[in-house]
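Reader: Please take me through this structure, beginning with its annotated motif and then turning to its ligand.

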Amino acid sequence: MICYKPILFSAVQPSGQLTLGNYIGTMRHWSAMQNNYECLFCIADLHALTIQENKNNLKESILDTLSFYLACGVDPNKSIIFIQSHVYQHSQLNWILNCFSQFSELFRMTQFKIKRNIKKNSIKNTNAALFNYPILMAADILLYQTNVVPVGRDQKQHVELTRNIANRFNSLYGNVFTLPEPLITQYGSKIMSLLEPNKKMSKSDVNKNNVIFLLDDISTVALKIKNAFTDSEKPSKIYYDKVKKPGISNLLEILSAITDKNIDVLLKELEGIMYSEFKKIIVDCLSKFLSKLQKSYQNYRHDESYLKKIAYEGALQSQIKSKKTLQNIHDKLGLISLV
Ligand code: TRP
């Protein structure tokens, strides 16, 4: 009997430098997931075009991201790693799904509202792709008959939208798309800013002290953690409560993720210590973790011909899979095939 593994799709947008938040929320889980799922790991470069950066930065960012995938343990012999723009089927399905998406449901997307707010709530300077962004995400996911999508909590709504679009299409044309489930870990799926722990740690934050970048050097990390916001509860006590103690809870989530220890276990170990000692422990663990990751990253990043070979092979494999889905959709829609 052939036993098929469920299909997992994940992607990261290659814009700016990856953060500890990206690692903890998403990439940390990838290595283990390869054993339980048939995995596709995508570099969402078309999504990155919604933020207009200069093109050299984008090229670098794509290769940087690919190197981080490999450094995080994604194995090209077990999983498909590819760059979104290499697989034209994504753009094509994106258009088709636009025809099955409602303006009103896109308008409800929290991420769109947040991104629009950054631009002073002005529609004038907001490109249409920012609005349509979740439809391209839906195309990414649905092309591969994906079963699960590991996402941070902020992206969960986009997976729900994907399900709605798929349902709408399926109710008209039969079972064309598999309905994907979001996979969200209990802790750490949303790492918060260091100085403002009520907002998400984001690579585009203007205040870099809010963010730990995966390529930050150790002394920078130590300073950022030292200055991280805690609270003024007296006597100070370390416990997990996102509402009363957002700073401490965020630091606990970070420590838990990089040490692979449950928060309850950590709380027992940390009992009675001061915030400053707690921070020292975090810096110690982060230094060990980051120096190992950075070393492996640099090894891959210096070998561009290897990176390009991986991307090429990944594109060929994903094209085969996505062509199959797209062909079926074309048939259902009454489009005439070329051959
Ligand atoms: N929008 C995601 C992010 O910014 C990246 C992404 C693109 C993605 N396509 C996807 C994530 C499909 C999951 C599934 O993090």
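Reader: How far apart are the end C-alpha atoms of residues 14-22?

Author: In this predicted model, local features need pLDDT of at least 70, side-chain atom pairs count only at pLDDT 80 or more, and totals for chains, interfaces and linings use all residues. Residues are numbered from 1 along each chain as its sequence is written, and side-chain values use heavy atoms, with hydrogens and water left out. An unreviewed UniProt entry places the "short sequence motif: 'HIGH' region" at residues 14-22; such annotations may be inferred rather than shown by experiment. The stretch is 33% helix and 0% strand (DSSP runs, H or I of at least four residues and E of at least two, numbered from the N terminus), and its end C-alpha atoms are separated by 11 Å.

Reader: Which element gives the largest share of the shell around the ligand?

Author: The residues surrounding the ligand, each with a heavy atom within 4 Å of it, include Phe9, Ala44, His47, Met137 and Val149. Two or more shell residues come from each of β1 (7-12) and α8 (128-142). The largest share, 4 residues, belongs to α8.

Reader: What percentage of the ligand's accessible area does the protein cover?

Author: Nitrogen atoms of the ligand lie 2.8 Å from a side-chain N or O atom of Tyr133, 2.7 Å from a polar side-chain atom of Asp140 and 3.3 Å from one of Gln155. Of the 370 Å² of accessible area that the ligand has on its own (Shrake-Rupley method, 1.4 Å probe), the protein covers 86%.

Reader: Which residue is joined to Pro235 by a cis peptide bond?

Author: Most peptide bonds are trans. Pro235 lies in the loop between α10 (218-226) and α11 (246-259). Its cis bond, with omega about -10 degrees, is shared with Lys234.

Reader: What is the phi of Gln145?

Author: Gln145 is in the loop between α8 and β4 (148-150). Most residues other than glycine have a negative phi. Gln145, a residue other than glycine, has a positive phi, near 55 degrees.

Note on methods. Polar contact = N/O pair within 3.5 Å; in protein donor to acceptor, adjacent residues only side chain to side chain.
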